[in-house]
Amino acid sequence: MNKFISIESIARRYPKAGGGSTTIFENLWFSMNRGEFSAIIGHSGCGKTTVLNILAGLELPDDGLTVVDGHAIEGPSLDRAVIFQSHALLPWRTVLGNVSYAVSSKWRDWSAEKVAAKAMAAIEKVGLKGSEMKKPAELSGGMKQRVGIARALSIDPKILLMDEPFSALDALTRGALQDEVRRICVETGQTAFMITHDVDEAIYLADKIVLMTNGPEAMIAEIVENPLPRDRRRVDLHRSPDYYPLRNHLIDFLVTRSKTFKDEMPEGYDKRHPPIVRPGADNPLTPGETRKVA
Amino acid sequence: MLTSLNARGALLSAVIFTVFLLAWHIGVQGKASVAQMDPEYARLMGVAATQGKSAMPGPLDVGAQIWQHLQEPFYDRGPNDKGVGIQLAYSLGRVLLGYALAVLVALPVGFLIGMSPLMNRALDPFIQVMKPISPLAWMPLALYTIKDSSISAIFVIFICSVWPMMINTAFGVSATRKEWLNVARTLEVRPLRKAFTIILPAAAPTILTGMRISIGIAWLVIVAAEMLVGGTGIGYFVWNEWNNLSITNVIVAILVIGLVGMALDQTLARVARAVTYPE
Ligand SMILES: Nc1ncnc2c1ncn2[C@@H]1O[C@H](COP(=O)(O)OP(=O)(O)OP(=O)(O)O)[C@@H](O)[C@H]1O
Ligand SMILES: [Mg+2]
């Protein structure tokens with residue numbers, strides 16, 4: 001396999017209070033191609049953040065390994081930028097200071113002017129020009145999240161990792177930021193991995209949607225390929241004939257199958273090769289059915 | 001509204017101060033008239049008292065004395081007669097030297113304790129035992145080992161200011177938000193740069209709180225230490241003027257100690273405000 005990112009049989013366990021251990025997940029396999037946008041959905045506590053932290057190198061799996069671009073992950077890297085759920089800006093630095101901090105961390109020998117220019121470019125990209133001298137405390141939630149995005153983009157990462165980046169925002173701001181992230185990712189062919197609770201966000205942004213069952217011992221139930229056209233727009237997603245079959249499939253998974261999957265595993269289910277499905281107008285899946293794409 | 005509150009506060013302060021001065025003035029006046037009733041006794045006391053007055057001085061006496069000190073703050077007429085400015089400079093010098101040494105020790109050690117749970121466990125018992133020891137209890141030991149009264153006083157300042165700074169630094173460092181550290185980790189920031197660009201600014205407000213506590217304690221302790229070791233300093237000045245029965249000068253010294261202590265505290269408060277970040 002020469003996939004860009006390859007998660008191979010990783011496991012994560014925590015010791016239980018009364019001895020023994022709880023397995024959050026084990027024997028988890030998943031891979032991504034270069035330039036692909038993947039989203040993972042699943043219920044709270046199933047282990048999504050854990051997977052993302054392992055991809056970021058902030059945590060190491062108890063078993064298995066993660067390979068990025070031919071190298072096993074041993075720790076965090078400037079190649080993999082993280083957009084944190086809590087934006088994690090440094091409150092004592094300005095917007096420009098926060099982004100510059102990332103830029104100067106990546107290019108240690110750059111002059112201050114070069115660093116500032118690169119940081120400003122990223123700030124402009126997320127539409128924050130004019131606010132670069134403000135401190136995070138003077139920004140709205142959406143603006144803070146934009147700074148987090150600018151900081152991640154400023155270091156030209158090979159992979160963008162996002163942990164529910166928009167969940168704390170109001171619907172309007174969220175939509176605007178989704179548009180921006182989609183535009184940037186499509187324009188630059190950015191490889192991205194995102195955790196979300198929002199089905200529509202996954203449909204709009206992701207090429208592949210990973211469905212994770214409830215924990216403990218969570219599994220990847222299936223990988224859903226997005227049938228919507230690549231030049232989709234958020235405002236007319238629902239006009240696509242594939243939209244409702246896809247959405248229903250995802251909602252159906254979150255509502256029922258995420259719980260029952262473990263007991264009703266489809267025949268021939270293989271953790272290493274979870275079924276890939278492509279629900280759409282020409283391929284409406286009835287609940288519970290996971291038809292493989294040829 | 002806020003400015004008018006400030007203005008009203010200042011006005012009330014002035015009123016309280018004036019009432020206090022008046023009460024003081026009148027209270028002292030009463031005693032003086034008692035003394036006048038017995039001229040024999042008054043004359044006797046006048047002779048017994050060495051130059052200064054034995055009766056409680058009034059605010060006008062203190063004011064006149066302050067004026068005199070202001071005319072000539074730095075005169076030096078032998079070991080027992082130096083201007084209040086010189087004495088103050090000696091005390092400030094000792095405090096700042098001992099305090100600076102304490103900063104040099106407390107911040108790095110505090111950092112170490114804050115970053116390493118092992119060092120925290122290992123050093124905690126020592127700190128817990130050392131912290132409650134009155135700094136003056138060290139004085140005999142310091143005099144015996146150092147054999148220099150001035151350096152002993154500096155040592156006592158050092159030992160009393162080091163603990164609050166160390167404890168606060170350790171606490172501030174260990175309380176650095178995990179998410180900020182994760183930012184540094186994902187950016188592959190080197191340990192030294194991380195210490196100065198993430199942990200230090202994150203812990204700075206807590207560290208400054210410790211430094212403010214320390215300077216307060218140091219200024220309290222220097223007066224007592226100088227009374228003990230003698231020689232120079234504002235503490236010695238107070239003791240010397242008490243021996244001279246110059247209550248006026250004692251009151252002046254008390255006032256000066258209060259004002260300088262306030263200035264030290266306000267300076268650090270200003271620094272603390274500068275490094276505090278809103279979240
Ligand atoms: N330090 C820890 N000790 C014990 N259990 C932990 C620890 N950290 C996480 N867990 C467990 O690991 C599981 C997965 O956590 P994780 O944060 O990955 O969930 P998540 O899918 O991101 O949830 P959410 O959607 O709520 O963010 C949870 O059930 C949690 O209880
Ligand atoms: Mg999470």
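E164(A) lies in the loop between β7 and α5 of chain A, and that is where these exercises start. Helices (H or I, at least four residues) and strands (E, at least two) are DSSP runs, numbered from the N terminus.

Before you dig in, residues are numbered from 1 along each chain as its sequence is written, while chains are lettered from A and ligands numbered from 1 in the order in which they are written. The model is predicted, so local features need pLDDT of at least 70, side-chain atom pairs count only at pLDDT 80 or more, and totals for chains, interfaces and linings use all residues; side-chain values use heavy atoms, with hydrogens and water left out.

**Exercise 1: a loop residue in chain A**

Task: Work out whether E164(A) is buried or exposed, and find the sign of its phi.

Solution:
- Start with the cut-offs: buried means under 20% relative accessible area, exposed over 50%, and partly exposed in between (1.4 Å probe, protein chains only).
- E164(A) has a relative accessible area of 11%, so it counts as buried.
- Now the backbone: phi of E164(A) is positive, about 40 degrees, even though this residue is not a glycine.

**Exercise 2: around ligand 1**

Task: Find which residues surround ligand 1, and which helix gives the most to that shell.

Solution:
- A residue is near a molecule if one of its heavy atoms lies within 4 Å of it.
- Around ligand 1 you'll find Y14(A), I24(A), S44(A), G45(A), C46(A), G47(A), K48(A), T49(A), T50(A), E164(A) and H197(A).
- Helix α1 (residues 48-56) of chain A is the top contributor, with three residues.
- Sort the shell by class and you get three nonpolar, six polar and two charged residues. Here Ala, Val, Leu, Ile, Met, Phe, Trp, Tyr, Cys and Pro are nonpolar, Asp, Glu, Lys and Arg are charged, and the others, Gly among them, are polar.

**Exercise 3: polar contacts of ligand 1**

Task: Find how far polar side-chain atoms of Y14(A), S44(A) and H197(A) lie from ligand 1.

Solution:
- A polar contact is a pair of N or O atoms within 3.5 Å; within protein, one must be able to donate a hydrogen and the other to accept it, and residues adjacent in sequence count only if both atoms are side-chain atoms.
- Y14(A) puts a polar side-chain atom 3.2 Å from a nitrogen atom of ligand 1.
- For S44(A), the distance to an oxygen atom of the ligand is 2.4 Å.
- The side chain of H197(A) has an N or O atom 3.4 Å from an oxygen atom of ligand 1.
- Finally, coverage: taken alone, ligand 1 exposes 640 Å², and the protein buries 58% of that. These areas come from the Shrake-Rupley method with a 1.4 Å probe; for residues, only the protein chains shown count as cover.

**Exercise 4: helix α4 of chain A**

Task: Check the span of helix α4 (residues 141-154) of chain A, then find what covers its buried residues.

Solution:
- The expected span of a helix is 1.5 Å times one less than its number of residues.
- At 1.5 Å a residue, the 14 residues of this helix should span 20 Å, and the end C-alpha atoms are 20 Å apart, so the two agree.
- Twelve of the 14 residues are buried, which makes α4(A) mostly covered.
- The cover includes β6 (80-83), α2 (95-106), α3 (112-125), β7 (159-163) and α5 (171-188) of chain A, plus α8 (178-186) of chain B.
- Zoom in on S154(A), part of this helix: it is buried, at 2% relative accessible area.
- Contact means heavy atoms within 4.5 Å. Leaving aside neighbours within four places in sequence, S154(A) is in contact with V99(A), A102(A), V103(A), W107(A), K118(A) and A122(A).
- After the helix comes D156(A), with a positive phi near 45 degrees.

**Exercise 5: over to chain B**

Task: Find how many helices and strands chain B has, then decide whether K147(B) is buried or exposed.

Solution:
- Chain B has eleven helices and zero strands.
- Of its 279 residues, 40% count as buried.
- K147(B) sits in the loop between α6 (139-146) and α7, and at 67% relative accessibility it counts as exposed.
- Phi of K147(B) is positive, about 60 degrees, and this residue is not a glycine.
- In helix α7 (residues 149-174), S152(B) is buried, with a relative accessible area of 0%.
- S149(B) also belongs to helix α7, but at 32% it is partly exposed.
- The C-alpha atoms of S149(B) and V229(B) are 5.8 Å apart, although 80 residues separate them along the chain.
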